[in-house]
Amino acid sequence: MGENGALAGVALPAGAQLVRTSSVRAVAEAVGQAMAVQGAVCLFGDPGRGKTAAVRMALSEVPPGWKVTWVPVPVRPSVAGMRRAVFDALALAGRFPHTSARADAVVAGALGEARVLVVDEAQRLPVPCLEYLQSLWDHPGTRVTLVLVGAGSERALSRLPQLASRVVAWQEVPRLTGAEVATVVTGFHPLWRTVPVPDRTWIDRSCAHGTFRTWAALTAHLQNALLTTADASIDRALLRRLFQRVAPPL
């Protein structure tokens, strides 16, 4: 089932729309399980598999009374930086407090209502930052579901066993399978409906390798080539040239 391509936080080529793959449905189920018990969920998998998009789709509609807050990981993560990142992400009124104790009290007060805290690029968090997030989650006055997303986030969590042991769902986002590619990419963009199934299979085996981000990049380059090159047609010669634009040199 397609989703509106204007979903906040997800950049798509013109005319594209998000697609509910089996992985997206699994992510939605995992996040829903965590919300049911106000627990934590870890979403992991190699870069480009669509983890962030899957979470945004899962949280695009939440039950009444719930709010969703995305917390960016600072460039050089520290507890002070994460404290400020959470404060800013919550869009709290007033200036950032001068003391950490006051800042923590203000943040804890805001987290008294049911809220999903999504931390993308969580693999970059050192143990002290993870401990800080756990402290917000464990605070007796908060109602937090913690969603940690990132390639390697499961390894980051392994460095803090007391938090890892409380994760209610570990969900990997895998590559698209060969069987999925044929239907997923045509749902993603109508341009691929004009490409025969054997060619779509060849594209995936030769370049995309089941990585959704690569398919999205190919879509954008193909659109541009068809718009800017006279008499351009979708053939393997054109596609081979585009492969070089989306794959790093060996």
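This is a short walk through one predicted model, covering confidence, the largest pocket, one glycine and the salt bridges.

I'll start with confidence. The chain has a mean pLDDT of 91, and 95% of its residues reach 70 or more. Among the elements, strand 3 has the highest mean pLDDT, 97, and strand 1, residues 2–3, has the lowest, 40. The pLDDT stays below 50 over residues 1–6, although that stretch still has 13 contacts in the model beyond near neighbours in sequence. Where pLDDT is low, the predicted coordinates should not be read in detail. I will leave those contacts there.

Next, the largest pocket. Its space comes to about 570 Å³. Which residues are closest to its centre? They are R49, G50, K51, A53 and R213, out of 31 residues in the lining. Helix 2 gives the largest share of that lining, with 5 residues. Strand 2 (18–19), helix 1 (22–37) and helix 10 (212–228) also supply at least two residues each. Sorted by class, the lining holds 16 nonpolar, 9 polar and 6 charged residues.

Now to G45. This glycine is in the loop that runs between strand 3 (40–44) and helix 2 (51–58). Is G45 buried or exposed? Its relative accessible area is 7%, under the 20% cut-off, so G45 counts as buried. Leaving out residues up to four places away in sequence, G45 touches K51, G150, A151, E172 and V173. K51 in that list is also one of the residues closest to the pocket centre. For a sense of how the chain folds back, take G45 and L148: they are 103 residues apart in sequence, and their C-alpha atoms are 12 Å apart in space.

That leaves the salt bridges. The whole structure has 9 of them, and I'll go through three pairs.

The first pair is R49 and D46, with the closest N and O atoms 2.9 Å apart. The two partners differ in exposure: R49 is buried at 14% relative accessible area, whereas D46 is partly exposed at 37%. This pair does not stand alone, since D46, R49 and E172 are linked in a network of salt bridges. Two members of that network have come up already: E172 as a contact of G45, and R49 among the residues closest to the centre of the largest pocket.

The second pair is K67 and E113, with 3.3 Å between the closest N and O atoms. Which parts of the chain does this pair link? K67 sits in strand 4 (residues 67–71), and E113 in the loop between helix 4 (100–110) and strand 5 (115–120), 46 residues apart. Both ends are partly exposed, K67 at 42% relative accessibility and E113 at 32%.

The third pair is R166 and D138, whose side chains meet at 2.6 Å, N to O. R166 is in the loop between helix 7 (161–164) and strand 7 (167–172), and D138 is in helix 5 (residues 127–138), so the bridge ties together parts 28 residues apart in sequence. Here too both partners are partly exposed: R166 at 36%, D138 at 38%.

To recap, R49 is the residue that joins two of these topics: it belongs to the salt-bridge network with D46 and E172, and it is among the residues closest to the centre of the largest pocket.

Key: Residues are numbered from 1 along each chain as its sequence is written. This is a predicted model: local features need pLDDT of at least 70, side-chain atom pairs count only at pLDDT 80 or more; totals for chains, interfaces and linings use all residues. Side-chain values use heavy atoms; hydrogens and water are left out. Helices (H or I, at least four residues) and strands (E, at least two) are DSSP runs, numbered from the N terminus. Buried means under 20% relative accessible area, exposed over 50%, partly exposed in between (1.4 Å probe, protein chains only). Contact means heavy atoms within 4.5 Å. A salt bridge is a side-chain nitrogen of Lys or Arg within 4 Å of a carboxyl oxygen of Asp or Glu. On a 1 Å grid over the protein atoms alone, a cavity is a set of points where a 1.4 Å probe fits but cannot get out, and a pocket is an open set with protein on both sides within 12 Å along at least five of seven lines; lining residues have an atom within 4 Å of a point. Grid points are joined across faces, edges and corners, and a volume is the space filled by probe spheres set on the points. Ala, Val, Leu, Ile, Met, Phe, Trp, Tyr, Cys and Pro count as nonpolar, Asp, Glu, Lys and Arg as charged, and the others, Gly among them, as polar. pLDDT is the predictor's confidence in each residue, from 0 to 100.
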